[in-house]
Amino acid sequence: GVVTIEMKTSFMQPARGTLTGKGRLIHRTRSMAFTEGTVFDAQGNACAHATGTFKYVSRRETPSPSTD
């Protein structure tokens with residue numbers, strides 16, 4: 001899994017009609033991922049843009065509920 005280290009979203013204009021999102025991984029290390037994404041309206045105008053930094057973490061095993 002991952003935990004969010006930092007996330008920023010900028011809303012540039014109202015989003016109307018059919019929306020398209022495009023995202024990409026900018027850089028990845030063994031323990032971190034740096035990403036960005038943009039949402040476009042039907043005319044191709046950017047409506048919102050976001051960046052995020054995420055840290056990879058191991059999932060913890062959770063014990064099964066007791067049936068006692």
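This briefing covers charged residues, strand contacts and loop positions in one protein structure. The model is predicted. One salt bridge turns up in a search of the whole structure. The buried residue D41 has no salt bridge. A nonpolar surface patch is formed by V3, I5 and V57.

**The salt bridge**

- E36 and R24 join through their side chains in a salt bridge, with 2.7 Å from N to O.
- E36 belongs to strand β3 and R24 to strand β2 (residues 20-28), so the pair ties together parts that are 12 residues apart in sequence.
- E36 is partly exposed, at 23% relative accessible area.
- R24 is also partly exposed, with a relative accessibility of 48%.
- In general, side chains of opposite charge can pair when their charged atoms come close.

**D41, buried without a salt bridge**

- D41 sits in the loop between β3 (32-40) and β4 (46-56).
- D41 is buried.
- R16 is the nearest side chain of opposite charge to D41, and it is 7.2 Å away.
- That distance leaves D41 unpaired, because a salt bridge needs the side-chain nitrogen within 4 Å of a carboxyl oxygen.
- The D41 side chain does reach a backbone atom: the nitrogen of N45, at 2.9 Å.
- Beyond neighbours within four places in sequence, D41 is in contact with Q13, R16, T18, L19 and C47.

**T18 and Q43, two exposed loop residues**

- T18 lies in the loop between β1 and β2.
- T18 is exposed, and its relative accessible area is 58%.
- Residues up to four places away in sequence aside, T18 touches F40, D41 and A42.
- T18 and S31 are 13 residues apart in sequence, yet their C-alpha atoms are 36 Å apart in space.
- Q43 is found in the loop between β3 and β4, which is also the place of D41.
- Q43 counts as exposed, at 63% relative accessibility.
- Q43 and T18 are 25 residues apart along the chain, with 9.1 Å between their C-alpha atoms.

**M7 and T53, strands β1 and β4**

- M7 is part of strand β1 (residues 2-11).
- M7 is exposed, with 55% relative accessible area.
- T53 is placed in strand β4.
- T53 is buried, with a relative accessible area of 11%.
- The C-alpha atoms of M7 and T53 are separated by 6.4 Å, while the two residues are 46 apart along the chain.
- M7 touches T51 and G52, residues up to four places away in sequence not being counted.
- With neighbours within four places in sequence left aside, T53 is in contact with V3, T4, I5, E6, M32, A33 and F34.

**The nonpolar surface patch**

- V3, I5 and V57 form this patch, and their accessible area together is about 220 Å².
- V57 is located in the segment after β4.
- V57 counts as partly exposed, at 35% relative accessibility.
- Two members of the patch, V3 and I5, are among the contacts of the buried T53.

Note on methods
Residues numbered from 1 in each chain as written. Predicted model: local features only at pLDDT ≥ 70, side-chain atom pairs only at ≥ 80, totals over all residues. Heavy atoms only, no water. Helix = DSSP H or I, 4+ residues; strand = E, 2+ residues; numbered from the N terminus. Buried < 20%, exposed > 50% of the residue type's maximum accessible area, 1.4 Å probe, protein only. Lys, Arg positive; Asp, Glu negative; His and termini not counted. Polar contact = N/O pair within 3.5 Å; in protein donor to acceptor, adjacent residues only side chain to side chain. Contact = heavy atoms within 4.5 Å. Patch = residues over 30% accessible without salt bridge, like charges linked within 9 Å, V, L, I, M, F, W, Y side chains within 5 Å. Areas by Shrake-Rupley, 256 points an atom, 1.4 Å probe, with all protein chains shown as cover.
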